[in-house]
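Colleague: I am new to this structure. Please take me through one part closely, the surroundings of the ligand, and then place that part in the chain.

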Amino acid sequence: MPFPLRRRVVLSILWALSILCVSVLFPPAARADNPIVQTIYTADPAPLVHNGRVYLYTGHDEDNSTYFTMKEWRVYSTSDMVNWTDHGSPMSLATFSWAKSDAWAGQVTYRNGKFYWYVPVTSRASGRMAIGVGVSDSPTGPFTDALGKPLVENGEIDPTVFIDDNGQAYLYWGNPNLWYVRLNTDMISYSGGVNQIPLTTAGFGTRTGVANRPTLYEEGPWVYKRNGLYYNVFAAKCCSEFIGYSTSTGPTGPWTYRGTVMPTQGSSFTNHPGIIDFNGSSYFFYHNGALPGGGGFTRSVAVEKFSYNADGTIPAMNMTTTGPPQNGTFNPYVRQEAETIAWSSGIETEATSEGGRNIANIENGDYVKVKGVAFGSGGATSFTARVASATSGGRIELRTGSPTGALAGTCTVPGTGAWQTWTSVSCGVTGLTGTQDLYLRFTGGSGFLFNVNWWQFTGGGTGGNLLTNPDLEQGTSGWQVNGSGTLAASTSVVHGGTQALGITGRTGAWNGPAQDVTSRMTNGKSYATSVWVRSQSGTPGAKATLALTANGTTSYLQLTPAAPVNASGWTQLTGTATVSWTGTLSRAVLYVETTEGTDGLYIDDASFQ
Ligand code: FUB
């Protein structure tokens, strides 16, 4: 268990003390989804859009803090803005041997196939705040110290990184001043010295009553560009802070103060902005003290959807407990991580022996909500979960609408001998059709009951997943090669579980892992395809294709649009296509190919239904 029992007890007491407050803030009938993370306190959000997912980098406020006591950073990700997967902590103070304390507000950007995470920490040598750079091949880490020393050190904090259209990257930071450097393309050095942005009242608004702070600018800058306009969104006028913003026609100013993005609200005296566009919508991330026990040093990250005004200005927003609507769909017929959560009560997460994370410290009555689960018109027929228990287990109740909503099924979890000794349990389900909020409610005796690593439904009215060994946990079983190449199970590079499927020795772009689905095809039917793909080298486009041979003629149907893949992370290919043929179908082969090149590939967690 990653968290000491003492912490668990303290949190339980806080939750108990907060029941009244919780029932007012988060009434069961309209369960809130803000703050995003309920298992720990998080602060200083820094979102990044990469390959169709939003990665959310945060700080971690320790429980019961009476200062900004922060030792590590955390990562979460989502593909629909409501269900967030917990990736744990891929970077901490220990990553930077020269850092003493204060894992404060940073930001991640992607360049040259790598992810760079700029963070402020206190230098052991100087006792001053300095900016370090973590680097990783994957958005979820692990990150290592790119330099072994600070990139820049002037006692100030809160770096934000921005790469302009011409490729010039900038790192801005500062409290009480505002600084920037021009980063070189290696992203870990800079040219042209350290520059100061003049904090004029025209640029950053007027603050009264604080002699050495004539403008509203306080800290936490977030610089980006949209439709040719440069934005600097920042925490303003401590304390309590609000979020203000300025715009400019260039990356280094002059800036013009534009007003309020989010007024002072909630019980945290700091706030911290992060803004992205994702799948056609704009999102504003911030933090507050809205979790039970929350406040200025026990903060939580939240998000709102917004639309820019026609002139590019940002509307003022309030903190909400509902958060944004779902942007995308959630497929229950592929393996889903148990730590993918819209809202949870009582549980925590930890690293699992099977790779990734599992949910843990589950007690009677705890639950996980997954929002907007697309069961489809046919409905789910059964549920499988990967579970472990050092005690005597318990039950997973599958409910809809609320933690005490309609019961769709109950799976019994046995003791497995240890918290990381895993087994799969299955149970039948009824009433799971259409799109519904799903609650996994955990019941049993006293104490910790069991852990859950992942879960998956079958059914969907299409016969469920038509692939054999779709999660690749049975090695190469069921898979063959389309054209040339060699298949091998991968245990070092996996998307979920402990295995993925690798293919090497491709001699054509059309070569790839394949499965014969001839006997499973229905003429005129629509099929949904999903497969996670990663290259072993290069950055080709990848797509899933169905080769249909009927009456001696082969046609090729694109099951998913092509999407770029790379060697540093997984890309999900998804699509829906209607399959039809004339005459007698003699062969149907689903395969993953690239749009060009012969780079080796990995695939994992596929579905075709
Ligand atoms: O989280 C520590 C500090 O609090 C951040 O660096 C500031 O932006 C404020 O949120």
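Modeller: Start with the make-up of the shell around the ligand. Its residues divide into 5 nonpolar, 3 polar and 4 charged. Keep in mind that this is a predicted model.

Now the names. The nonpolar members are Phe68, Met70, Trp104, Ala105 and Ile157. The charged ones are Asp44, Asp158, Glu219 and Arg299. Thr270, His272 and His287 are the polar ones.

Three side chains deserve a closer look. Asp44 has a side-chain N or O atom 2.4 Å from an oxygen atom of the ligand. For Asp158, a polar side-chain atom lies 2.5 Å from a ligand oxygen. In Arg299, a side-chain N or O atom is 2.8 Å from an oxygen atom of the ligand. On its own, the ligand has 270 Å² of accessible area, and the protein covers 99% of that.

Stay with Asp44 for a moment. This residue lies in strand 1, which runs over residues 41–50. Its phi is near 55°, a positive value in a residue other than glycine. Asp44 has a relative accessible area of 8%, so it counts as buried.

Asn227 also has a positive phi, near 50°, and is not glycine either. Its setting is a loop, between strand 16 (217–226) and strand 17 (229–236). With a relative accessible area of 71%, Asn227 is exposed.

Next, go back to the shell by way of His287, which is one of the residues around the ligand. The side chain of Asn271 reaches the backbone nitrogen of His287 at 3.0 Å. Asn271 sits in the loop between strand 19 (256–262) and strand 20 (274–278). Its relative accessibility is 3%, so Asn271 counts as buried. Beyond its neighbours within four places in sequence, Asn271 is in contact with Ala235, Glu241, Ile243, Met262, Tyr286, His287 and Met319.

Tyr286 leads on to another residue. Val303 is in contact with Tyr286, and its other contacts outside four places in sequence include Tyr283, Phe284 and Phe285. Asn34, Ile36 and Met81 are also among the contacts of Val303, as are Gly323 and Pro324. Val303 belongs to strand 22, residues 300–306. At 1% relative accessibility, Val303 is buried. Val303 and Phe162 are 141 residues apart in sequence, and their C-alpha atoms are 21 Å apart in space.

Two peptide bonds are worth finding as well. Gly253 and Pro254 are joined by a cis bond, with omega about 0°. Pro254 is in the loop between strand 18 (242–248) and strand 19. The bond between Asn175 and Pro176 is also cis, with omega about 15°. Pro176 lies in the loop between strand 13 (169–173) and strand 14 (179–183).

Finally, step back to the chain. Its secondary structure comes to 3 helices and 45 strands. Of its 609 residues, 59% are buried. Among contacts with a separation of 6 or more, 63% link residues 24 or more positions apart. The C-alpha atoms fill a box of roughly 85 × 55 × 45 Å along the principal axes. A compact globule of 609 residues would have a radius of gyration near 25 Å, and the chain agrees, with 25 Å. The chain exposes about 21500 Å², and carbon and sulfur atoms supply 51% of that area.

Technical notes
Residues numbered from 1 in each chain as written. Predicted model: local features only at pLDDT ≥ 70, side-chain atom pairs only at ≥ 80, totals over all residues. Heavy atoms only, no water. Near = heavy atom within 4 Å. Polar contact = N/O pair within 3.5 Å; in protein donor to acceptor, adjacent residues only side chain to side chain. Areas by Shrake-Rupley, 256 points an atom, 1.4 Å probe, with all protein chains shown as cover. Helix = DSSP H or I, 4+ residues; strand = E, 2+ residues; numbered from the N terminus. Rg over C-alpha atoms; globule rule 2.2 N^0.38 Å. Buried < 20%, exposed > 50% of the residue type's maximum accessible area, 1.4 Å probe, protein only. Contact = heavy atoms within 4.5 Å.
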